[in-house]
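Me: I am new to this structure and would love a close look at a single part of it. Could you start from one pair of residues that face each other, and then walk me outward from there?

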Amino acid sequence: MKLQINGDFREFNGPLTLSALVEILGLKPDRVAVELNRSIVARENWPETDLREGDRLEMVQFVGGGSQGTSGLPPRDSGLKLLPARWRTSTGPR
């Protein structure tokens with residue numbers, strides 16, 4: 001299954017839920033926000049959120065503290081990027 005994550009296309013074996021994707025990417029669920037096809041998905045809904053071919057995800061990992069030179073982000077090749085705060089909720093447009 002091909003997914004677009006933060007603008008980059010990645011291939012995964014399907015079927016796949018959002019919680020499984022977060023685990024595969026090695027992210028800490030309590031420090032990640034996910035937008036699926038332009039709607040934020042609440043963390044409690046990740047286990048039953050099935051991903052489909054061509055889905056577009058924007059994922060942000062929150063970090064705090066750390067020491068100089070240590071960002072706490074996944075390696076550069078993880079496909080994740082920090083994004084500006086432009087989230088929209090699933091309750092409708094801004």
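Reply: Happy to! Let's begin with Q4, which stands opposite F9 in β2. Please keep in mind along the way that this is a predicted model.

The strands around that pair come next. β1 covers residues 2-5 and the loop after it leads to β2, while β2 covers residues 8-11. β1 and β2 pair in the antiparallel sense, over 4 bridges. They form a hairpin with 2 residues between the strands, and in this hairpin N6 takes a positive phi near 50°. That angle is worth a pause, since N6 has a positive phi although it is not a glycine. Is N6 buried or exposed? N6 counts as buried, because its relative accessibility is 4%, and the limit for buried is under 20%.

F9 has another partner to look at. The charged end of K2 sits over the ring of F9, 5.6 Å from the ring's centre. As for rings that pair with one another, a search of the whole structure finds 0 aromatic pairs.

Now stay on β1 and look at L3. L3 is found in strand β1. L3 is buried, with a relative accessible area of 0%. What does L3 touch, once its neighbours within four places in sequence are left aside? L3 is in contact with D8, F9, R10, F12, L16, L21, L51, R52, D55 and L57. So F9, the residue that stands opposite Q4, is also among the contacts of L3. L3 has a distant residue in sequence at hand as well: E53 is 50 residues apart from L3 along the chain, yet their C-alpha atoms are separated by 6.2 Å.

L3 also takes part in a bigger group. The largest nonpolar core has 18 residues, and L3, I5, L18, L21, L51, L57 and M59 touch the most other members. β1, α1, β4 and β7 each supply at least two residues of this core.

Two of those core residues, I5 and L57, take us across to another strand. I5 stands opposite L57 in β7. Strand β7 spans residues 56-61, and β1 pairs with β7 in the parallel sense over 2 bridges. One step further on, β4 and β7 run antiparallel and are joined by 5 bridges. There, V34 has M59 in β7 as its bridge partner, and M59 is one of the core residues that touch the most other members.

Put together, these strands belong to an open sheet of 5 strands, with the order β2-β1-β7-β4-β5 and mixed pairing. β2 and β5 stand at the edges, each with a single partner strand, so one side of each is left without a neighbour in the sheet. The pair we began with therefore includes a residue, F9, in an edge strand of this sheet.

At the other end of that order there is something that recalls N6. N37 lies in the loop between β4 (32-36) and β5 (39-40). N37 has a positive phi of about 50° although it is not a glycine. Unlike N6, which counts as buried, N37 counts as partly exposed at 40% relative accessibility.

Back on the far side of β2, the chain has one more feature to point out. Where does P15 lie? P15 lies in the loop between β2 and β3 (16-17). The peptide bond from G14 to P15 is cis, with omega near -5°.

After β3 comes the helix. S19 has its place in helix α1, which covers residues 18-24. S19 is partly exposed, with a relative accessible area of 27%. Beyond its neighbours within four places in sequence, S19 is in contact with W46 and P47. S19 and N45 are 26 residues apart in sequence and 8.6 Å apart in space, C-alpha to C-alpha.

To finish, here is how the part fits into the whole. The protein has 1 helix and 7 strands, and along the sequence they follow the pattern β-β-β-α-β-β-β-β. Buried residues make up 32% of the 94 residues. Among the contacts with a separation of 6 or more, 57% are between residues 24 or more positions apart. The accessible surface comes to about 6,400 Å², and 49% of it belongs to carbon and sulfur atoms.

Terms used
Residues numbered from 1 in each chain as written. Predicted model: local features only at pLDDT ≥ 70, side-chain atom pairs only at ≥ 80, totals over all residues. Heavy atoms only, no water. Buried < 20%, exposed > 50% of the residue type's maximum accessible area, 1.4 Å probe, protein only. Pairing = 2+ DSSP bridges. Contact = heavy atoms within 4.5 Å. Core = buried A, V, L, I, M, F, W, Y, C linked by side-chain atoms within 4.5 Å. Phe/Tyr/Trp six-rings, centres within 6.5 Å; stacked < 30°, edge-to-face > 60°. Lys NZ or Arg CZ within 6 Å of the ring centre and 35° of its normal. Areas by Shrake-Rupley, 256 points an atom, 1.4 Å probe, with all protein chains shown as cover.
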